[in-house]
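Open the model in your viewer and keep the sequence panel beside it. The tour below goes stop by stop, with a selection to make at each one.

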Amino acid sequence: APGPLMGGPWHRLRPAATNRGRRALLRRSKVAYVLEGSVRKAGDEVRITAQLIDAASGYHQWSAHYDRELKDVFAVQDEISRAIVAELRLQLSDARAGSVLARTETANPEAHTLLLRGIAARRTDLPAGVIESIALLRQALGIDPAYGRAHAELASSLGRAGYMRYLPYPASYDQARSEARRALALDSTLAEAHAVLGQVAEYRDWDWAAAERHYRNALAYNPNHAQAHAALSMLLVRLGNAEAGMAEAERAVAIDPLSAPTLNNLGNVYLNSGRFPDALRCCRDGLALQPQSVALLVNSALAYSFMDRHADALRAISAVDTLTTGVEWVPGMVGLVQARAGHRQEAERALQKLRATPGVSPYLAAMVHAALGRPDSALALLGRAVALRDDFVPDLAVDPSFAMLRSDARMRRLLRTAGLGH
C-alpha cells in the first residue's frame, strides 16, 4: 500500500506481513503464485521491481526491474503493466495471465497520489487514519472534482467512519450515499461506488433487497472486487443464508488473501455462525498483516470470550480501548467482555460510560445486559434500537451475544419488525 516514503534517496514500500506469515496464509488460501513488487523513487526517476513467487515454496519464478522517468505516472503504469503481463504469459503459459492494464481515471498525478494515500490511511482502521483518509480524498477532489474514483473512495471512508462512530451517525451515511451517487454519475461502472450504496442500503435503510442488488451490481462490473464479495457475504449470513454467505466470504479471501479486512470479514462470518476457533484463526492471520486493526482486535476479543478464554479476551479488548480512546461504541465491547469474564463491577462501569454518552446505540448496552444475565433489560434496549433503526441491528439475528434470547417471543417479534425473521 502507498504511504509515507522513508529512508535515504531511494525509498521502498514493503509489505506488512513477514515472509513466513504470508506463505502460511497463501498456502491456506490455495494461491499458486503471487506477483509482488516495490517502488523506489528519487527525484523524477522511479525504479519498479516486480517478482513472481511460488506461494508454496517462496522461491522466485521470475523477477525484473524497470527504470523510468516519472514524467507521466499513468503512462509508466501502463507500460509496466504491459511488460509484466507479457512476462506472466511466458511464465504461466495459459489464460491465467489476463490483462491487468492500469485504468486511467484522472489526468492529474497529484490527485491520484492523494487518492492512494487516502486509501492507505483508511486501511489503518484507526480513528485518526480514517479521518485523515477523508481529508486526503477531499483534497484530491479539490484538484480534480470529476475524479469519479475519488468520490467512490471518499464514500467508502465516510461509511466506515459512520459505522465505527469516528464521525456522527447517521449523517456520515447520508454523505457516503451522496458521494457514491456523484461517483456513478461520472462513471457508472465503478464497483466501489455500487458497493458503498449497498452498505448504505443495508445499515442506514435496512433495505435488504436493495443492498443485495447494489452488491451484485458491483460484482457485475468487477467480479474480483473482494470487498463487494465480503459485504454480500455478511448480508447473506444475516438473512439466514449462511452457506451462501460463507462461500462469498471465502471467495473474497481467495481474491485478496493478504488483505486484513477480507480476513476479518471471514472471521466475522465464522463468529456469527458459532465457529469461534475458526474466527480466531482468521483474526490471528489478519493481525499478522495489520497488528493494530480495530476490527480484528474486537473480533478476536469476542472469539476468545465466547470460547471462555477470558484473560485473552480482556487483553485484546484492552488494546482496542487504548487505540480508540473516546470512541463511543468501545465501552459496549469492553462491558460485554468484562461481564462474560465475571467482572460485574467493570461491566457496570462500562454501562455508566454508555449512559453518559449522548446518542449512543442502545444495542451496545443491550449486549452488556445480556451478558450480565438481564434478559428483560436487554430486550427493552433492543426494542429501542429497532425503533431507532440503529445500524447495529442488522446483526441481531446472528449475533452470538444474544443467542440465549432467540427463543424469547419478544426477540422473535423484534426480528420480524426489523425484517430479519429467519
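**Stop 1: a glutamate in a helix**

Select helix α7, residues 191–205, and find Glu-202 within it. Keep in mind throughout that this is a predicted model. Is Glu-202 buried or exposed? Its relative accessibility is 1%, and buried means under 20%, so Glu-202 counts as buried.

Now show the side chains around Glu-202. Its side chain makes a polar contact with the side chain of Tyr-215, at 2.7 Å. Leaving out residues up to four places away in sequence, Glu-202 touches Trp-208, Ala-211, Tyr-215, Ala-231, Leu-235, Arg-238 and Pro-394.

**Stop 2: three strands**

Select residues 33–42, which form strand β1, and add β2. These two strands pair in the antiparallel sense over ten bridges. To see one bridge, pick Leu-35 and its partner in β2, Leu-52. Two residues lie between the strands of this hairpin, where Gly-43 takes a positive phi near 60°.

Next add residues 60–69, strand β3. Which way does β3 pair with β2? The pairing is antiparallel, over nine bridges. Here Thr-49 stands opposite His-65 in β3. The hairpin of β2 and β3 has five residues between the strands, and Gly-58 takes a positive phi near 85° in it.

Before leaving, select β2 alone, residues 45–54. Seven of its ten residues are buried, so β2 is largely enclosed by the rest of the structure.

**Stop 3: two aspartates with positive phi**

Go to the loop between α3 (109–123) and α4 (127–143) and select Asp-125. Asp-125 is not a glycine, yet it has a positive phi of about 70°. With 6% relative accessibility, Asp-125 counts as buried.

Then move to the loop between α13 (294–306) and α14 (310–323), where Asp-308 lies. This residue is not a glycine either, and its phi is positive, at about 60°. Is Asp-308 buried or exposed? Its relative accessible area is 52%, and exposed means over 50%, so Asp-308 is exposed.

**Stop 4: a cis peptide bond**

Finish in the loop between α5 (148–163) and α6 (171–186), and select Pro-170. Add Tyr-169 and look at the peptide bond that runs from Tyr-169 to Pro-170. The bond is cis, with omega near 5°.

Note on methods. Residues numbered from 1 in each chain as written. Predicted model: local features only at pLDDT ≥ 70, side-chain atom pairs only at ≥ 80, totals over all residues. Heavy atoms only, no water. Helix = DSSP H or I, 4+ residues; strand = E, 2+ residues; numbered from the N terminus. Buried < 20%, exposed > 50% of the residue type's maximum accessible area, 1.4 Å probe, protein only. Polar contact = N/O pair within 3.5 Å; in protein donor to acceptor, adjacent residues only side chain to side chain. Contact = heavy atoms within 4.5 Å. Pairing = 2+ DSSP bridges.
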